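Please look over the sequence and the structure shown here, with attention to the space enclosed by the protein and to the ligand. A short report on those topics comes after it.

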Amino acid sequence: MTYPEVNTYEDIAALSQAAADRINGLAVRALAERGRFYLALSGGSTPLGAYRLLGQLWSGQPELLAGIHFFWGDERLVPPDDPRSNYGQARAAMSGLSLPESHLHRIQTELGADAATEAYDRELDNLGLSDAGRPFFDCVLLGLGRDGHTASLFPDRPSLAEKNRLVVTELKPGLEPNVARITLTLPALNSTQETIFMAAGPDKAAALRYCAAPEADPNPHYPASMIKPAGGRLVFMLDQAARRA
Ligand code: 6PG
């Protein structure tokens, strides 16, 4: 298998269905192997179709859903009911799911930037993300900005050099929505069995040419190229427009 695996689909609908199928397959396998499925969700608009499909699928499988924990790779510093909230958008997309609050590990933006960052860092650390050994997440979903950012790790920012903290605040995203962000760092995002990037549209093609190239060197100018999952499975799921080199 090539590294990374790059799969291209006709359009966003086909991409969403394929992503939902792949994520569900990972969930079934993780629950069989370790009794739980730790899934970190991406923000942005690209994954919302896949979230809707997973919400429909999992609402009919309460025993499977009972083992799934949802995390967020990053969050905008807005209230959870703000339309810009990654948590709010994902919950709306999966509106049919009834989930125990203890399985929803959201970033508590209402605490303010520093306290929310500290609280999420502490929560992930207490759950064992810093422990050596097997990667913490079973699957991390990520989007890709046209500038090569992912989560809220933006080009050439100090956050890319963070080696110890699991969560940091980014005050200068430089892209809309231009609000402060809270983001997992590379050590946290890379502590996963599998990373799935979903990208669609022609404006992502330039960044993909670097980030999705075989064995792309980690380059702070393209933060997505610094994503190297510890479990070794890196997958790009693209529509035709994004793939067109
Ligand atoms: C965010 C996301 C961000 C997003 C990319 C792609 O908080 O906005 O974490 O990294 O995934 O910007 O966004 P689209 O999918 O909307 O193009």
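The sections that follow treat the pocket, the ligand, the cavity and two points of the backbone.

## The largest pocket

The model is a predicted one, and its largest pocket has a volume of about 470 Å³. Of the 28 residues that line this pocket, Gly-43, Gly-44, Ser-45, Arg-76 and His-149 are the closest to its centre.

Several elements of secondary structure take part in the lining of the largest pocket: β4 (74–76), α4 (86–93) and β6 (137–142) each contribute at least two residues to it. Sorted by class, that lining consists of 13 polar, eight nonpolar and seven charged residues.

## The ligand and its surroundings

Where does the ligand sit? It is placed in the largest pocket, with 15 residues around it, of which Thr-46, Asp-74, His-149, Ala-151 and Lys-204 come nearest. His-149 thus appears in both lists, being among the residues closest to the centre of the largest pocket and among those that come nearest to the ligand. By class, the shell around the ligand comprises nine polar, four charged and two nonpolar residues.

Three side chains can be described through their distances to oxygen atoms of the ligand. For Lys-204, an N or O atom of the side chain is 2.7 Å from a ligand oxygen, while a polar side-chain atom of Asp-74 lies 2.8 Å from an oxygen atom of the ligand; for Ser-42, the corresponding distance from a polar side-chain atom to a ligand oxygen is 3.5 Å. Taken on its own, the ligand has 420 Å² of accessible area, and the protein covers 86% of that area.

## The cavity

How many cavities of 30 Å³ or more does the structure hold? There is one cavity of that size, and the volume of the largest cavity is about 30 Å³. Its lining includes Tyr-3 and Pro-4, together with residues of higher number such as Cys-211, Glu-215, Ala-224, Lys-228 and Leu-234. The lining of the largest cavity divides into eight nonpolar residues, two charged residues and one polar residue.

## Two points of the backbone

Ala-151, one of the residues that come nearest to the ligand, has a positive phi of about 50° although it is not a glycine. This residue is located in the loop between β6 and β7, and β6 itself supplies at least two residues to the lining of the largest pocket.

The peptide bond that joins Glu-176 and Pro-177 is cis, with an omega of about -15°. Pro-177 belongs to the loop between β7 (167–170) and β8 (181–184).

Note on methods
Residues are numbered from 1 along each chain as its sequence is written. This is a predicted model: local features need pLDDT of at least 70, side-chain atom pairs count only at pLDDT 80 or more; totals for chains, interfaces and linings use all residues. Side-chain values use heavy atoms; hydrogens and water are left out. On a 1 Å grid over the protein atoms alone, a cavity is a set of points where a 1.4 Å probe fits but cannot get out, and a pocket is an open set with protein on both sides within 12 Å along at least five of seven lines; lining residues have an atom within 4 Å of a point. Grid points are joined across faces, edges and corners, and a volume is the space filled by probe spheres set on the points. Helices (H or I, at least four residues) and strands (E, at least two) are DSSP runs, numbered from the N terminus. Ala, Val, Leu, Ile, Met, Phe, Trp, Tyr, Cys and Pro count as nonpolar, Asp, Glu, Lys and Arg as charged, and the others, Gly among them, as polar. A residue is near a molecule or strand if one of its heavy atoms lies within 4 Å of it. A polar contact is a pair of N or O atoms within 3.5 Å; within protein, one must be able to donate a hydrogen and the other to accept it, and residues adjacent in sequence count only if both atoms are side-chain atoms. Accessible areas come from the Shrake-Rupley method with a 1.4 Å probe; for residues, only the protein chains shown count as cover. A molecule sits in a cavity or pocket if more than half of its atoms lie within 2 Å of its grid points.
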